[in-house]
Amino acid sequence: MSRHARAAVRRTRAAARALCAGLAIGALLAAPGCGLRVPEDPDGTLDRVIADGVLEVGATVEEGLVEEGPGGAAEGPLADLAEGFADTVGARVEWTWASEESLVGLLERGSIDLAVGGFTDQTPWVDRVGVTRGYPGVPGAERRSIVMLVPLGENRLLSALESHLDEEVGG
């Protein structure tokens, strides 16, 4: 291949790379106009919570973190954090009490939006549900890195929850 032909091939490849980069950037810029948000909730959990005004929270008793109070309400630092998050999205909390395994099943079926309890960053449920970052600063955690659980893939909900937790207990 001649020197001129090789130069033409290089220019063509460079133009193709620039075109691909431009298309990728254009797609990212156009995405918000198409209603695409990043992160996204494939099942629309956060949008539903906001629209309905109800955050369905499942809890499992963990002494010093969350305990069942009068009338099935929750008490403790994790209850306060869940209630505070609900407030940030204009919702109220409806509580469901169950074992850890049952809560994970409820998250998988979309019956609850959030689960709290003695879950730590070593939780075995990471393959079945979404898990927040660990928060060792939760009062009553006794140096454990506490996490909360959400339905798998509901990344917009997870991101909003983590933003709230970052503000309340630090990262």
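The points below concern a predicted model and take up its fold, its pocket and cavity, selected residues and its salt bridges.

1. Overall architecture. The protein is built from five helices and seven strands. Read from the N terminus, these elements follow the order α-α-β-β-β-α-β-α-β-β-β-α. Of its 171 residues, 40% count as buried. Among contacts with a separation of 6 or more, 68% are between residues 24 or more positions apart.

2. The largest pocket. This pocket encloses about 160 Å³ of space. Its lining consists of 13 residues, and D43, T45, L107, G110 and P151 are those nearest the centre. Helices α2 (45–52) and α4 (100–109) each contribute at least two lining residues; the largest share, three residues, is that of α4. By class, the lining comprises seven charged, four nonpolar and two polar residues.

3. Helix α4. The buried residues of this helix are L103, V104, G105, L106 and L107. They pack against five strands, namely β1 (54–59), β4 (92–97), β5 (114–116), β6 (129–131) and β7. After the helix comes G110, which has a positive phi near 80°. Both L107 and G110 are listed among the residues nearest the centre of the largest pocket.

4. A buried acidic residue. E154 is located in the loop between β7 (149–151) and α5 (155–169). Which side chain of opposite charge is nearest to E154? That side chain is R48, 7.2 Å away, and E154 is buried without a salt bridge. Leaving aside residues up to four places away in sequence, E154 touches E40, D41, P42, D43, G44 and T45. Of these contacts, D43 and T45 also belong to the group nearest the centre of the largest pocket.

5. The cavity. One cavity of 30 Å³ or more is present in the structure. The largest cavity has a volume of about 30 Å³. Its lining is made up of L78, L81, T132, Y135, V138, I146, V147, M148 and L165. Eight of the lining residues are nonpolar and one is polar, with no charged residue.

6. V93 in strand β4. V93 lies in strand β4. Is V93 buried or exposed? Its relative accessible area is 13%, below the 20% limit, and V93 is therefore buried. Beyond residues up to four places away in sequence, V93 touches L55, V57, A82, E83 and A86. Of these, A82 is 11 residues from V93 in sequence, with a C-alpha to C-alpha separation of 7.7 Å.

7. A salt bridge between helices. Seven salt bridges are counted in the model. One of them joins the side chains of D47 and R156 at 2.5 Å, N to O. Because D47 lies in helix α2 and R156 in helix α5, this pair ties together parts that are 109 residues apart in sequence. D47 is partly exposed, at 30% relative accessible area.

8. Further salt bridges. The side chains of E94 and R92 meet at 2.7 Å, N to O. Both partners are partly exposed, E94 with a relative accessible area of 30% and R92 with 47%. R128 forms a salt bridge with E108, in which the closest N and O atoms are 2.8 Å apart. This pair links distant parts of the chain, with R128 in the loop between β5 and β6 and E108 in helix α4, 20 residues apart. R128 is partly exposed at 32% relative accessibility, as is E108 at 43%. In addition, R133, E162 and D166 are joined into one network by salt bridges that share partners.

Technical notes: Residues numbered from 1 in each chain as written. Predicted model: local features only at pLDDT ≥ 70, side-chain atom pairs only at ≥ 80, totals over all residues. Heavy atoms only, no water. 1 Å grid on protein atoms, 1.4 Å probe; cavity = no way out; pocket = protein on both sides within 12 Å on 5 of 7 lines; lining within 4 Å. Points joined across faces, edges and corners; volume = space filled by probe spheres on them. Helix = DSSP H or I, 4+ residues; strand = E, 2+ residues; numbered from the N terminus. Nonpolar A, V, L, I, M, F, W, Y, C, P; charged D, E, K, R; others polar. Buried < 20%, exposed > 50% of the residue type's maximum accessible area, 1.4 Å probe, protein only. Lys, Arg positive; Asp, Glu negative; His and termini not counted. Salt bridge = Lys/Arg side-chain N within 4 Å of Asp/Glu carboxyl O. Contact = heavy atoms within 4.5 Å.
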